[in-house]
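User: I would like to learn how to read a model like this one, feature by feature. Could you walk me through it?

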Amino acid sequence: MLVHSRGTRWALWTLFLVLFIPLFALPLLVVLAASFATHWSSVLPSDLTTAHYSAATRGEALQALTTSLVTAAAASLIALAAGTWAALSAASLPKRVRRVLDALFVLPVAVPSVVVGLAILVAFSQPPILLNGTRWIVIAAHAVLVTAFAYQSVSAAIVRLDPAYEQAAASLGARPSYVLWRVKLPLLLPSLTAAAGLCFALSMGELSATMMLYPPDWTPLPVLIYAATDRGSLFAGSALAVVLMTATLLVLLAVSRIRTKASYR
Amino acid sequence: MTSSTRRLLWALPPVALLAVFFLYPLLLVVRQSVQPDGGGTSFEPYTDVFASGAFRDALWTTVWLAPAATVGCLVLGFFLALVIAFVPFRGAKAVAKFIDVFLSFPSFLITLALLFIYGTVGMANGVWTDVTGAAEGPFRFLTTPWGVLLAEITYFTPFVIRPLLAAFSHLDTAQLEAASSLGARAPRIIRQVILPEALPALAAGGSLVLVLCLNEFGIVLFTGAKGVTTLPTLVYSKAILESDYPGACVVAVVNVLISVGLYGLYRVVSRRAGA
């Protein structure tokens with residue numbers, strides 16, 4: 001216990017709440033409350049309605065939700081495959097080469113996502129690969145952006161892996177491919193699912209690169225939220241935002257259940 | 001084939017993917033930045049962009065906003081993490097969980113919420129006009145850089161709290177007890193025991209937040225303020241709204257140089273810190 005006086009402790013807790021609630025809890029509550037309202041120009045929102053939700057779960061909005069879910073799922077799977085492959089192959093390389101690979105795969109975090117969007121737009125609007133105007137250009141951009149996170153978390157997990165397991169398997173005559181499939185990957189499964197959840201959440205909320213790239217028939221949910229707030233429909237935008245948050249949380253919950261199941265093995 | 005070449009070959013497929021979808025596109029951005037619309041190769045786009053007031057404004061806003069937000073996040077994050085870890089209360093664990101969840105939401109939600117709280121017809125102004133009877137409320141900072149600053153501090157503080165809580169969990173509480181039983185008071189314990197232990201996590205978290213603030217796009221876009229442009233929003237408006245691709249590429253190159261330079265620094269700092 002750092003502070004022994006009761007009075008100081010209470011003062012600190014009060015200050016904590018005074019800072020924490022308005023800054024972190026209030027924004028989420030406000031978005032949630034606004035999604036049920038049509039007016040808000042006093043302490044509490046007024047004219048409560050569920051109309052925004054019925055609009056947010058059909059037609060254009062429903063399509064945007066499916067678009068976001070498909071994009072996020074595809075991008076996370078690609079990122080997970082590429083990131084894990086890169087991290088596993090990097091781990092067996094000499095230290096200096098590994099450093100180069102680390103830097104390369106982490107670079108997309110440092111480059112602004114708007115620039116990643118611009119770069120992909122410039123590169124795939126011209127031959128040899130024409131992707132502009134298709135859904136693939138959005139998925140490609142999301143995959144690039146989240147691969148860095150997959151690579152980072154998987155390579156951190158590989159470092160923590162006890163080499164005794166694979167050495168034991170190899171000394172018993174297991175081929176490298178067998179060791180990879182039956183020993184390494186199962187041991188890495190908890191970190192793989194954690195990485196998948198992270199990639200999925202990031203891709204669901206991705207706005208900057210998407211704004212540069214999305215074709216009219218592949219509009220992810222964040223773009224629709226921006227379009228709604230930009231034309232002044234803040235309350236409808238909030239309902240869409242709540243749908244986005246709920247969908248993200250549900251998928252994260254499902255992914256974390258895979259993790260707990262795996263850790264019992 | 002030796003086993004080391006075979007290992008190198010195994011690393012090739014993902015590197016090739018990265019090259020096609022990330023490195024080659026970046027290279028094209030650099031190439032496009034020296035190819036003005038009129039044709040040929042020259043540094044004309046650079047001189048044009050550097051001479052424009054919009055670019056200088058955006059550069060200046062980006063360059064002061066990001067460090068200011070970082071300092072805010074560090075101060076606030078250090079205090080909040082300190083209370084969660086060392087003056088624990090019932091529900092402190094739930095608060096730590098909440099911070100994890102907070103990190104999985106997109107940044108623009110914060111601006112959206114702030115629009116309801118401090119917007120021109122929002123909660124705070126509504127209360128003010130109800131109480132005082134005035135025609136307009138006093139809160140109109142949301143469309144200025146201060147609104148962006150508030151949103152960035154709110155959204156990025158958890159990025160500082162998380163590594164700090166991890167660092168604090170390694171701290172031996174016996175050290176605190178010993179210092180306290182020898183008569184050291186809380187401020188001195190914080191300065192001489194906790195702060196040295198937290199410094200690597202602060203440095204790593206702070207530089208990550210700095211880079212993320214430099215690259216932030218959603219928060220600035222959602223304020224809807226025409227008066228606030230940062231480098232990322234300038235890239236967007238030049239490319240998509242004005243179709244000035246060489247100009248957008250110039251701004252992109254400048255933004256990448258600043259961010260990647262700082263991120264390199266972050267990697268060095270966090271490796272030193274062992275984080």
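**Reading the model together**

Analyst: Happy to! Keep in mind that this is a predicted model. A good start is the record: the unreviewed UniProt entry annotates "transmembrane region" at residues 12–41, 61–88, 100–124, 136–159, 187–214 and 234–255 of chain A.

User: How much helix and strand do residues 100–124 of chain A hold?

Analyst: An annotated span can be set beside the modelled backbone. Residues 100–124 of chain A are 88% helix and 0% strand, with 26 Å between the end C-alpha atoms. For residues 136–159 of chain A the values are 100% helix and 0% strand, and the end C-alpha atoms are 34 Å apart.

User: Which domain does UniProt place on chain A?

Analyst: The unreviewed entry gives "domain: ABC transmembrane type-1" at residues 65–255 of chain A. In the model that span is 82% helix and 0% strand, and its end C-alpha atoms lie 19 Å apart.

User: Now the interface. How many residues does each chain give to the contact of chain A with chain B?

Analyst: In general, the size of an interface is often given as the accessible area lost when the parts come together. Here we can count residues instead: chain A gives 61 and chain B gives 65. Elements of chain A that give two or more residues to its side include helix H1 (6–34), helix H3 (59–91) and helix H11 (234–263). H1(A) supplies the largest share of that side, 13 residues. By residue type, the chain A side has 48 nonpolar, 11 polar and 2 charged residues.

User: How do H3(A) and H8(A) pack?

Analyst: For a helix pair, look at the angle, the axis distance and the handedness. H3(A) packs with helix H8 (residues 176–204) of chain A at about 140 degrees, their axes 8 Å apart. Angles over 145 degrees would count as roughly antiparallel, so this pair is oblique. The crossing of H3(A) past H8(A) is right-handed. Among the residues that meet are A:Ala72, A:Ala75 and A:Leu80 from H3(A), and A:Ala195, A:Cys199 and A:Phe200 from H8(A). This contact divides into 10 nonpolar, 5 polar and no charged residues.

User: One last detail: is B:Ser243 buried or exposed?

Analyst: Count the neighbours: 12 or fewer other C-beta atoms within 10 Å makes a residue exposed. B:Ser243 has 10, so this serine is exposed. B:Ser243 sits in the loop between helix H11 (231–241) and helix H12 (245–273) of chain B. Its backbone also deserves a look, with a positive phi of about 55 degrees although B:Ser243 is not a glycine.

Methods. Residues are numbered from 1 along each chain as its sequence is written. Chains are lettered from A and ligands numbered from 1 in the order in which they are written. This is a predicted model: local features need pLDDT of at least 70, side-chain atom pairs count only at pLDDT 80 or more; totals for chains, interfaces and linings use all residues. UniProt positions are given in the numbering used here, feature names are shortened, and annotations may be inferred rather than shown by experiment. Helices (H or I, at least four residues) and strands (E, at least two) are DSSP runs, numbered from the N terminus. Two residues are in contact if their C-beta atoms, placed from the backbone, lie within 7 Å. Ala, Val, Leu, Ile, Met, Phe, Trp, Tyr, Cys and Pro count as nonpolar, Asp, Glu, Lys and Arg as charged, and the others, Gly among them, as polar. A residue is buried if 20 or more other C-beta atoms lie within 10 Å of its own, exposed if 12 or fewer, and partly exposed in between; C-beta atoms are placed from the backbone. Axes are lines fitted to C-alpha atoms, for helices over the stretch in contact, and angles run from 0 to 180 degrees between N-to-C directions. Angles under 35 degrees count as roughly parallel, over 145 as roughly antiparallel, 65 to 115 as roughly perpendicular and the rest as oblique. A crossing is left-handed if the near helix is turned anticlockwise from the far one by less than a right angle, and right-handed if clockwise.
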